[in-house]
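Here is a short tour for anyone who likes to get to know a protein before going to the bench. Take a moment with the sequence and the fold, then read on.

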Amino acid sequence: MNSVSMKLQADKYLLMALQEDITYEDVSANAVMPEGRQGTVELLCKQDGVIAGLDVFARVFTLLDEQTKIDFFFRDGDCVKAGQRMGVLTGDIRILLSGERTALNYLQRMSGIATYTREVADLLKGSKTKLLDTRKTTPNCRIFEKYAVRVGGGGNHRYNLSDGVLLKDNHIGAAGGIANAIQMAKAYAPFVRKIEVEVETPQQALEAAEAGADIIMLDNMTTAQMKEAIRLIDGRAETECSGNVTKENIARVLEIGVDYISSGALTHSAPILDISMKNLHSIE
């Protein structure tokens, strides 16, 4: 995550997280360190995985004190092993103590998502199918979680509701049918926007293709239904499979040959990666 996107988009969320954790002071840190003193602490990996969010981790500390120095020995996307030292932080001990939990929360969460995404993406190697995330993200953490998906080897579906047209079952119900919903979207949305339609049966897939959908999402279909839907679409639209897709069941989708697989599990079900800050001591 580069410095521009950090300042324009991420900083406000990092500050909110810090304000949530520090109402007006860190009582524990100030009790044991009433005056500023320089110290150092190590960033240690306690579990194998893929690291993501190092810049976010560092930014938490520099928001508290821009003089904090962080030296990393890895980059986002690198595989890390349990027991490895990933970095060293140097600065005011009070800052190192006060920023620890918030910084680790981001790094652990993002690295967990990158690790899980890498595991799923590896299962798609050699196929034409691309792995995508969804909008099933933690509120106010989407920028971090979708970035972690990319680090892990996945791709991003639309970022938010302003980012693209996706006509789901309730949109179709509101419009009075698939064809009508697509026609209304074509009339309203800018011509640069692709129109994606969620369908639940092969017959609906055929209707969406005939109405001019650019992408057709096959939602919660059986393997047989998806195969029939792709036959009926007959190359007139790109295809996406969605609905409870995890690394445990993704194999059944591969043989079907869809263009995309979107999985909410990448963000809502990935466990954190165990990382900690240890061995803090004064250097004065």
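The report below starts with the whole chain and then turns to three residues.

## The chain as a whole

Please keep in mind that this is a predicted model. The protein chain is built from 11 helices and 12 strands. Measuring tape aside, its C-alpha trace spans about 75 × 35 × 25 Å along the principal axes. The chain has 284 residues, and 49% of them count as buried.

How do the contacts spread along the sequence? If you take the contacts between residues at least 6 apart in sequence, 71% of these join residues at least 24 apart.

## Surface and charge

The accessible surface of the protein chain amounts to about 14,200 Å². Carbon and sulfur atoms account for 49% of that surface.

On the charge side, the chain carries 32 positive and 38 negative charges. If you average the positions of each set, the two mean positions lie 3 Å apart.

## Ser 111, inside a helix

Let's zoom in on a serine. Ser 111 sits in helix α4, which covers residues 93–123. Is Ser 111 buried or exposed? Its relative accessibility is 0%, so Ser 111 counts as buried, the cut-off being under 20%.

Which residues does Ser 111 touch, leaving aside those up to four places away in sequence? The list is Val 50, Ile 51, Ala 52, Leu 273 and Ile 275. Ala 52 has a further link to this serine: a polar atom of the Ser 111 side chain lies 3.1 Å from the backbone nitrogen of Ala 52.

## Two asparagines with positive phi

Some background helps here. Most residues other than glycine have a negative phi. Against that background, two asparagines are worth a look.

Asn 140 has a phi near 70°, a positive value in a residue that is not glycine. You will find Asn 140 in the loop between β6 (130–132) and α5 (142–151). Its relative accessible area is 45%, so Asn 140 is partly exposed.

Asn 279 is not a glycine either, yet its phi is positive, at about 65°. Where does Asn 279 lie? Asn 279 belongs to strand β12, which runs over residues 275–282. With a relative accessible area of 48%, Asn 279 is partly exposed. The cut-off for exposed is over 50%, which is why a value of 48% does not qualify.

Note on methods: Residues numbered from 1 in each chain as written. Predicted model: local features only at pLDDT ≥ 70, side-chain atom pairs only at ≥ 80, totals over all residues. Heavy atoms only, no water. Helix = DSSP H or I, 4+ residues; strand = E, 2+ residues; numbered from the N terminus. Buried < 20%, exposed > 50% of the residue type's maximum accessible area, 1.4 Å probe, protein only. Polar contact = N/O pair within 3.5 Å; in protein donor to acceptor, adjacent residues only side chain to side chain. Contact = heavy atoms within 4.5 Å. Areas by Shrake-Rupley, 256 points an atom, 1.4 Å probe, with all protein chains shown as cover. Lys, Arg positive; Asp, Glu negative; His and termini not counted. Charge placed at Lys NZ, Arg CZ, Asp CG, Glu CD.
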